[in-house]
Every structure is written in structure tokens, then in C-alpha cells.
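Hi there,

Here is the structure I promised to pass on. Please open it alongside this email, and I will walk you through what turned up.

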Amino acid sequence: DLPKDEIIEVANAYIISTTIDIKKLNSGQITIDNMHKIRQLFKSLGGIAELISTKNKGEKLRNIINAVKNTDFKLGQWHDHVVLTDSLNAFLQITEQDSGELAVHLQLLAEKMKKENKHWAHSLKPTVHSTIQEIRLHI
């Protein structure tokens, strides 16, 4: 069994390292892959923060957990929309031969959703940045 202080020290080092990775991804080009990696890293941060909270009940840690959960939720909503868009595009591939009115409407919807995904990803960039700042403030 590791002592409480050692667990917290190792976890804090992991959190700092992970926030650096997130910051690098968030400052680069916005792509679906980068945003998904950011989401995965936030999930990891949340898990580690929850684990530490079993050893450390401090308010600072609770603030980190809340910030991570909030951002992870927003990233999750964005990702769900991306998956829905991908599903619609896959459906359009299957029904490609149908050039009827429904196919035209679905194609327009898919294009609109793709634009929304891109806009949504860009709008999440400041949220990710401020969450990282808040985490670093409380570490």
C-alpha cells in the first residue's frame, strides 16, 4: 500500500503531464481525432481525480473533478453528434442509388451536421483551455 502523500504526488504528476498533452492538442489544428483524444484524456483525468478523492477530500480536488466532468460532458455531447453524423453518412452510402427527395434532404442534413460538428469543436477550444487553467490553478 502506497502512503497517501505518495499517491497524491504521483497522481498530481500524472494530472500535470496530462494537462500538458491536452494543451498541446487543443492549441493545434482542430480535428475530430484531436478532439476525441482530448476527450479521452479528460476521461482519464476524471478517473484519476476521483481515485485521489478517496484519499484526499479537499475542496480544491472537488473543484478539479467538477471542472473535468463539466468539460468531459460537453466533449461527450460533441462526440455523440459526430457519431450520429457518421451514422447518417453510412446510411447515405447504403442508399446511394436513391436520388429521391428523402435522399436529397438527408444529404443536406448530413452536410449541415458536419458544419455544426466543426463549429462545435472550435467552440469547445476555449472551454478546454479554461478547464486546463483551472486544473493547474488547483494543483
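A helix here is a DSSP run of H or I with at least four residues, and helices are numbered from the N terminus. By that numbering, S53 sits in helix α2. One thing to keep in mind throughout is that this is a predicted model.

**S53, at the end of α2**

Helix α2 covers residues 32-53, and S53 belongs to that helix. Is S53 buried or exposed? Its relative accessibility is 10%, so S53 counts as buried. Setting aside residues up to four places away in sequence, S53 touches L61, R62 and I65.

**The nonpolar cores**

The largest nonpolar core has 25 residues, and the members that touch the most others are I22, M35, I38 and F42. Four helices each supply at least two residues of this core: α1 (4-27), α2 (32-53), α3 (59-94) and α4. Helix α4 takes in residues 101-138. There is also another core, apart from this one, made of five residues, including L88, L106, A110 and M113. As general background, nonpolar side chains in soluble globular proteins tend to be buried together.

**I38 and its surroundings**

If you want one residue to start from, try I38, which is found in helix α2. With a relative accessibility of 0%, I38 counts as buried. Which residues does I38 touch, not counting those up to four places away in sequence? They are I22, L25, N26, L75 and V128. For a sense of distance along the helix region, I38 and E50 are 12 residues apart in sequence, and their C-alpha atoms are 18 Å apart in space.

One of those partners, L25, lies in helix α1. Beyond its neighbours within four places in sequence, L25 is in contact with N34, K37, I38 and L41. The C-alpha atoms of L25 and M35 are separated by 7.8 Å, with their positions 10 residues apart along the chain.

**How α1 meets α2**

The axes of α1 and α2 come within 10 Å and cross at roughly 165°. Angles over 145 degrees count as roughly antiparallel, and that makes α1 roughly antiparallel to α2. Their crossing is left-handed.

On the α1 side, the contact involves I8, A11, Y14, I15, T18, T19, D21, I22, L25 and N26. On the α2 side are N34, K37, I38, L41, F42, S44, L45, I48 and I52. By class, the residues of this contact divide into 12 nonpolar, five polar and two charged.

**How α1 meets α4**

Helix α1 also packs against α4: their axes come within 10 Å and cross at roughly 155°. That makes α1 roughly antiparallel to α4. Here too, α1 passes α4 in a left-handed crossing.

The α1 residues in this contact are I15, I16, T19, I20, I22, N26 and S27. They meet K125, V128, H129, I132, I135 and R136 of α4. The contact of α1 with α4 has seven nonpolar, four polar and two charged residues.

**How α2 meets α4**

What angle do α2 and α4 pack at? It is about 30°, with the axes 12 Å apart. Angles under 35 degrees count as roughly parallel, and α2 and α4 are therefore roughly parallel to each other. The crossing of α2 past α4 is left-handed.

From α2, the contact is made by M35, I38, F42 and L45. From α4, it is made by A121, L124, V128, T131, I132 and I135. How many of the residues in this contact are charged? There are no charged residues in the contact of α2 with α4, which has nine nonpolar and one polar.

**T127, in α4**

One last residue to look at is T127, whose place is in helix α4. Buried means under 20% relative accessible area. T127 has a relative accessibility of 18%, so T127 counts as buried. Leaving aside neighbours within four places in sequence, T127 is in contact with T71 and K74.

Happy browsing, and do write back with any questions.

Best wishes

Conventions: Residues numbered from 1 in each chain as written. Predicted model: local features only at pLDDT ≥ 70, side-chain atom pairs only at ≥ 80, totals over all residues. Heavy atoms only, no water. Buried < 20%, exposed > 50% of the residue type's maximum accessible area, 1.4 Å probe, protein only. Contact = heavy atoms within 4.5 Å. Core = buried A, V, L, I, M, F, W, Y, C linked by side-chain atoms within 4.5 Å. Axes fitted to C-alpha atoms, helices over the stretch in contact; angles between N-to-C directions. Parallel < 35°, antiparallel > 145°, perpendicular 65-115°, else oblique. Left-handed = near helix turned anticlockwise from the far one by under 90°. Nonpolar A, V, L, I, M, F, W, Y, C, P; charged D, E, K, R; others polar.
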